[in-house]
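Open the model in a viewer and follow the selections below in order. Each stop says what to select and what is there.

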Amino acid sequence: MFKILDRYIIRKFLGTYIFAIILLLAIVIVFDINEKLDAFLKAPLKATVMDYFVNFLPYFANQFSPLFTFIAVIFFTSKLAGNSEFIAMFSTGMSFRRLLRPYLISAAIIAAATFVLSAYIIPPANVKRIEYTNRYVRNKSVDYGANVMLMVAPGQIAYMASYENNSRTGRRFALDSFDDQKRLTSRLTAQTVRWDTLYNWHLFDFVRRDFTGDREIITRGRDRDTAIAFEPRDFLISEVDHEKMTSPELDSYIERQRRRGVANIKSFEVEKHRRIAMTAAAFILTIIGMTLSVKKVKGGMGLNIGIGLVLSFSYILFMTITQTFAISGLTSPMVAMWIPNIVYMAIAVALYRCAAK
């Protein structure tokens, strides 16, 4: 299946890709230590290494995988072109399309690894990293909610005047239940509620009113446990919560929140589509980088690397800008995440046609 040439290019591609990641991560570590030195000094060394850096470096590498892919393609392809190796390949009658095959195979390997990491491996690791940054660097967690209202199940609306996550306690709780004709069938109120685990809530000083026809049945009590199908993370949403969920958890959370009528889930939808769009970026930027570098240029590879850096950074910047479009409601999250891929795919096709001639 793989010729010697295919194995040669794949080895060069992936080797340069890994080398670029190691080199840039070393630079990132230096800058990150300089930026967060005060936090690192007050935190235990073991926590800094195991909870932060062990989880931060894979996260950073995966976030900027398109940049590393582009740099790798530009660097080793320019080097091969500078050594006139492509001239020898084309002199044997090899087509440009045939030469592109090992590049796309390498891009497929990187795309698969990027998706698996972002969808299943990095989110659980982000839990420890975010806990560390919230504790020692800057707390981004949301620990308080006011006037919380959401649909916990079809026909059930919950309300809390306030909720404090540190004590797991809510004040002035109410749960209204409605039938299919939107008529109120019961109302459960409590002065205080405390979340235990999963969907288990403990009610204090509660009153339950059941309405059957013209009758009203009132039940009072000091405290009791009850199962209510919501938990604090359903309404205490921080800006980094989406980074802690695997793709199946993200899909389930988005669907559950959408049914409940929660409005601020745009960042979760953006993250869902970003993970898929990033896989296509590996192929697009590989084609662009290869077509820019395959021709031998007078003066060496400096110009190619410069163009490559500009295009790769502009791609990442473009994707960041389109994220704001989705969060502000100008476009859907899926469209926002695929706009950069569509634009740069058009650039890739144009460059491919020019290079193939």
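## Stop 1: Ala355

Select Ala355 first: leaving out residues up to four places away in sequence, Ala355 touches Phe96 and Thr291. The model is a predicted one. Ala355 lies in helix H10, which covers residues 333-356. With a relative accessible area of 27%, Ala355 is partly exposed. Now add Lys295 to the selection and draw a distance between the C-alpha atoms: Ala355 and Lys295 are 8.1 Å apart in space and 60 residues apart in sequence.

## Stop 2: the whole chain

Zoom out and show the protein chain as a cartoon. The protein chain has 10 helices and 6 strands. How many Å does the C-alpha trace span along its principal axes? The C-alpha trace of the protein chain spans about 95 × 50 × 35 Å. The radius of gyration of the protein chain is 27 Å, whereas a compact globule of 357 residues would have one near 21 Å.

Colour by accessibility next. Of the 357 residues in the protein chain, 44% count as buried. A contact map gives another view: among contacts between residues at least 6 apart in sequence, 60% join residues at least 24 apart.

## Stop 3: helices H1 and H6

Select residues 4-35 for helix H1 and residues 96-137 for helix H6. The axes of H1 and H6 come within 9 Å and cross at roughly 40 degrees. That angle makes H1 oblique to H6. The crossing of H1 and H6 is right-handed.

Which residues make the contact of H1 with H6? Show side chains for these two groups:

- From H1: Asp6, Ile9, Ile10, Phe13, Leu14 and Tyr17.
- From H6: Arg98, Leu99, Arg101, Pro102, Tyr103, Ile105, Ser106, Ala107, Ile109 and Ile110.

Coloured by class, the residues of the contact of H1 with H6 divide into 12 nonpolar, 1 polar and 3 charged.

## Stop 4: helices H4 and H6

Keep H6 on screen, hide H1 and select residues 65-82, which form helix H4. The axes of H4 and H6 are 11 Å apart, and the two helices pack at an angle of about 160 degrees. Are H4 and H6 roughly parallel or roughly antiparallel to each other? Angles over 145 degrees count as roughly antiparallel, and H4 and H6 are therefore roughly antiparallel to each other. H4 passes H6 in a right-handed crossing.

For the side chains, show Ser65, Thr69, Val73, Phe76 and Thr77 in H4, which meet Tyr103, Ile110 and Thr114 in H6. The contact of H4 with H6 has 4 nonpolar, 4 polar and no charged residues. Tyr103 and Ile110 of H6 are also among the residues in the contact with H1.

## Stop 5: Asn147 and Lys182

Move to two residues picked for their backbone angles. Asn147 is in strand S1, residues 144-153. Asn147 is not a glycine, yet has a positive phi of about 50 degrees. At 55% relative accessibility, Asn147 counts as exposed.

Then select Lys182, in the loop between strand S3 (169-178) and strand S4. Lys182 has a positive phi of about 65 degrees and is not a glycine either. Is Lys182 buried or exposed? At 70% relative accessibility, Lys182 counts as exposed.

## Stop 6: Ser186

Step along to Ser186, in strand S4, which runs over residues 184-195. Ser186 counts as buried, at 6% relative accessibility. Show what surrounds the residue: setting aside residues up to four places away in sequence, Ser186 touches Leu175, Asp176, Ser177, Arg208, Arg209, Asp210 and Phe211.

## Stop 7: Ala229

Finish at Ala229, in the loop between strand S6 (215-227) and helix H7 (247-260). Ala229 counts as partly exposed, at 28% relative accessibility. Which residues is Ala229 in contact with, leaving aside its neighbours within four places in sequence? Ala229 is in contact with Val152, Tyr199 and Arg260. Draw one last distance, from Ala229 to Val152: their C-alpha atoms are separated by 5.6 Å, and the two residues are 77 residues apart along the chain.

Conventions. Residues numbered from 1 in each chain as written. Predicted model: local features only at pLDDT ≥ 70, side-chain atom pairs only at ≥ 80, totals over all residues. Heavy atoms only, no water. Axes fitted to C-alpha atoms, helices over the stretch in contact; angles between N-to-C directions. Helix = DSSP H or I, 4+ residues; strand = E, 2+ residues; numbered from the N terminus. Parallel < 35°, antiparallel > 145°, perpendicular 65-115°, else oblique. Left-handed = near helix turned anticlockwise from the far one by under 90°. Contact = heavy atoms within 4.5 Å. Nonpolar A, V, L, I, M, F, W, Y, C, P; charged D, E, K, R; others polar. Rg over C-alpha atoms; globule rule 2.2 N^0.38 Å. Buried < 20%, exposed > 50% of the residue type's maximum accessible area, 1.4 Å probe, protein only.
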